[in-house]
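Opened the notebook for a quick pass through this one. Plan for today: the core, then a helix, then a single residue.

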Amino acid sequence: MTNHSSLTGWRRVTGLVLGLTAALTVLLVAFAWPPSQLEPRDLPIAVAGPPGAADQVAGALGGGFGADAFDVKAVDSRDAAVAAIENREVYGAVVAATTGSEMLVSSAASPVVAQMLTQVGTQLAAASGAQPAVVDVVPTPEDDPRGAVFAAGAFPLVIGGLAVGVALALRVSGRGGRLLAGLGVAAASGLALAAVQQFWFGALEGSYWANAGVYALAVGAMAAAVVGLHNVLGLPGLGLAAGTILLLGNPLSAITSAPELLPDGWSLLGQLLPPGAGGSALRSTAFFDGAGATFPLLVLAAWLVVGVALAVLPMHRSVTETPVRRTSSPTGPAVDAPQPA
């Protein structure tokens, strides 16, 4: 008996060690792999200049980054290039002229891409023998020049959305109670998070109410997904929601870089999950007057609607669970009797 118990104990310890090691490895891969793959992939930029300038710039860029690194779009003028950046159609632009080239960037769209394009502009200017000229068309706020505070707010938002969903699923009873509590928490947290980022840290600009609405929608979408999956799957639903949003959604959100820097397919997946959609929508409302916000807002709304729909379905119940009711016997104590279906 002692040997059997000892063997069983060692098996449990071994299983625990292997399980925890596998979990830590998955976490490392999930969070470290996307940054290791960052490079431009069809990154949209504009070129303004004489006929043939776009082809020349595309050839010069391809020599340094690869033929598929940039998606070069020809525009008529510098003003058109600026408008394309402000509408979130491109990340930057090259304005070619006989006296030299000018690189237009937007650090608010992505500080990483702006730095990359600044280096490109310097190389192009050096090749022509002119002084490099770089203009930040839509810069980051003065209080957050590198966009670090904006990016740092992404992970707490994900953890907060998941935590709200878990709390609602496990601590609030009744479908109506969960929906009402979820609506209240999403609205209140949206107002609070936007106020902290915009008025305290100075990491956001634009309309406070629009920014708060994005935060509220993101929290509500993640919380609704957690509650809905728990309602139909039970505790495994919590794991599925956490794995999807935390292990996939957060690393693939590209909030610290740009979706076009991630491998094809993964970049789209990241924008179809709440963290990526929330980050893109918030950039649009905070720095671009809402330009480019339609798609990410639709993604968040879809997660919210589907989550609520799952949350109002009949409660999860194991197929082996048979409800019972207490009955009393005139000659003995109360006994459990099967409850009719």
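**Core first**

I started with the largest nonpolar core of this predicted model. It has 76 residues, and the ones touching the most other members are Phe-70, Tyr-91, Leu-104, Val-113, Leu-117, Phe-287 and Phe-288. I then asked which helix gives the most to this core. That turned out to be helix 8 (residues 208-233), with 14 residues. In general, nonpolar side chains in soluble globular proteins tend to be buried together.

I picked Val-113 for a closer look. Leaving out residues up to four places away in sequence, Val-113 touches Leu-43, Tyr-91, Ala-258 and Leu-261.

**Helix 3**

Next I went to helix 3 (residues 78-86) and listed its buried residues: Ala-81, Val-82, Ala-84 and Ile-85. They sit on the same side of helix 3, because the arc they cover around the axis is only 160°. The general rule I had in mind: an α-helix has 3.6 residues a turn, so residues three or four places apart point the same way. I also noted Arg-88, just after helix 3, with a positive phi of about 60°.

**Thr-285**

Is Thr-285 buried or exposed? Its relative accessibility is 12%, so I put it down as buried. I found Thr-285 in helix 11 (residues 274-287).

What does the side chain of Thr-285 reach? I got the backbone oxygen of Leu-282, at 3.2 Å. There is also a polar contact of 2.8 Å between the side chains of Thr-285 and Asn-211.

For contacts beyond four places in sequence, I have Thr-285 touching Glu-205, Gly-206, Ser-207, Ala-210, Asn-211, Val-214 and Gly-290. Val-214 is 71 residues away from Thr-285 along the chain, yet their C-alpha atoms are separated by 8.2 Å.

How values were computed. Residues are numbered from 1 along each chain as its sequence is written. This is a predicted model: local features need pLDDT of at least 70, side-chain atom pairs count only at pLDDT 80 or more; totals for chains, interfaces and linings use all residues. Side-chain values use heavy atoms; hydrogens and water are left out. Helices (H or I, at least four residues) and strands (E, at least two) are DSSP runs, numbered from the N terminus. Buried means under 20% relative accessible area, exposed over 50%, partly exposed in between (1.4 Å probe, protein chains only). Contact means heavy atoms within 4.5 Å. A polar contact is a pair of N or O atoms within 3.5 Å; within protein, one must be able to donate a hydrogen and the other to accept it, and residues adjacent in sequence count only if both atoms are side-chain atoms. The arc is that of the directions from the helix axis to the C-beta atoms. A nonpolar core is a set of buried Ala, Val, Leu, Ile, Met, Phe, Trp, Tyr and Cys residues joined through side-chain atoms within 4.5 Å.
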